[in-house]
Amino acid sequence: MAGKKYYVVWNGRKAGIFSTWAECERQTKGFKGASFKSFPTLEEAEKAFNEGGNVTKTASKSTTSKKQASTSFEAIEENSISVDAACSGNPGLMEYRGVNTKTGEVLFHYGPVFGTNNIGEFLGIVHALSLLQKQGKNTTIYSDSMTALSWVRNKKANTTLVRDKRTEELWKLMERAEKWLKENSYSNKILKWDTNKYGEIKADFGRK
């Protein structure tokens, strides 16, 4: 009897770690540029997911298409929004923005406020989702933050930022973002930006 496996999806309808092949297949079957792989332990799967992937693997199922087994990350979807955050310290003064991936045009910007980079990345994705919903667009969103992608997927900003007078405004914004995620559905693809392959994300503030 085959042992338990965990399936990491880096690029699919939803990125994440799944405990069954059926869940993995739902996210990757028929998805252009799907990137995924199976691992024997949850620890290995989490490590691989956090490090990001760039090669599509089969999940040891005969139903996986040859196309899925051989494709790697596709070219950048230029008709997309890229989001990024910058923070001076951790925590410190933080700001985030979303830009048109093709032109670099700034579509929205928030801050600076006292917070953390992960919070800014999370809010940037939700801001983009909300904006695109109002516009009726199914545009792809890119983020280079695995933590933010996880928070959006779980509909919860798992931050340890102290809540006080200095951070109250940001906490209220996070709560609104979590509420939005719980009350709204979306079909936009939210993809991990492959920094190793493409360089810094287009929304990068250039302060490294």
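L149 is found in helix 5, and this residue offers a convenient place to enter the structure, which is a predicted model. With a relative accessible area of 7%, L149 is buried, since a residue counts as buried when that area is under 20%. Once its neighbours within four places in sequence are set aside, L149 is in contact with I125, S143, I190 and K192. A further link across the sequence is with A15, for although L149 and A15 are 134 residues apart along the chain, their C-alpha atoms are 8.0 Å apart in space.

From L149 one can step back to the chain as a whole, which has seven helices and eight strands. Of its 208 residues, 46% count as buried. If one takes the contacts between residues at least 6 apart in sequence, 60% of them join residues that are at least 24 apart, and the pair of L149 and I125, which are in contact, brings us to the helix treated next.

Helix 5 itself covers residues 146-154, and its buried residues are M146, A148, L149, W151 and V152. These buried residues pack against helix 2 (42-51), helix 4, strand 7, helix 6 and strand 8 (190-192). Just after helix 5 comes K155, which takes a positive phi of about 60 degrees.

Among these partners, helix 4 deserves a closer look. Helix 4 runs over residues 117-135, and its 19 residues reach 27 Å from the first C-alpha to the last, close to the 27 Å expected at 1.5 Å a residue. Buried in helix 4 are I119, G120, E121, F122, L123, G124, I125, V126, A128, L129, S130 and L132. After helix 4 the chain continues with G136, whose phi is positive, near 70 degrees.

How do helix 4 and helix 5 meet, and at what angle do their axes cross? Two packed helices are described by the angle between their axes and the distance between the axes. Here the axes come within 8 Å and cross at roughly 55 degrees, and helix 4 and helix 5 are therefore oblique to each other. The crossing of the two helices is right-handed. On the side of helix 4 the contact is made by N118, I119, E121, F122, I125, V126 and L129, while helix 5 contributes T147, A148, L149, W151 and V152. By class, this contact has nine nonpolar, two polar and one charged residues.

Beyond helix 4, in the loop that leads to strand 7 (140-143), lies T139. Because its relative accessibility is 10%, T139 counts as buried. Leaving aside its neighbours within four places in sequence, T139 is in contact with N79, S80, I81, L132, N188 and K189, and of these L132 is one of the buried residues of helix 4.

The last stop is helix 6 (residues 168-183), where W171 lies. Is W171 buried or exposed? At 18% relative accessibility, W171 counts as buried. Not counting residues up to four places away in sequence, W171 touches T159, L161, V162 and R163. The path also returns to helix 4 at this point, for the C-alpha atoms of W171 and I119, which are 52 residues apart along the chain, are separated by 9.5 Å, and I119 is among the residues through which helix 4 makes its contact with helix 5.

Definitions and conventions:
Residues numbered from 1 in each chain as written. Predicted model: local features only at pLDDT ≥ 70, side-chain atom pairs only at ≥ 80, totals over all residues. Heavy atoms only, no water. Axes fitted to C-alpha atoms, helices over the stretch in contact; angles between N-to-C directions. Helix = DSSP H or I, 4+ residues; strand = E, 2+ residues; numbered from the N terminus. Parallel < 35°, antiparallel > 145°, perpendicular 65-115°, else oblique. Left-handed = near helix turned anticlockwise from the far one by under 90°. Contact = heavy atoms within 4.5 Å. Nonpolar A, V, L, I, M, F, W, Y, C, P; charged D, E, K, R; others polar. Expected span 1.5 Å × (residues − 1). Buried < 20%, exposed > 50% of the residue type's maximum accessible area, 1.4 Å probe, protein only.
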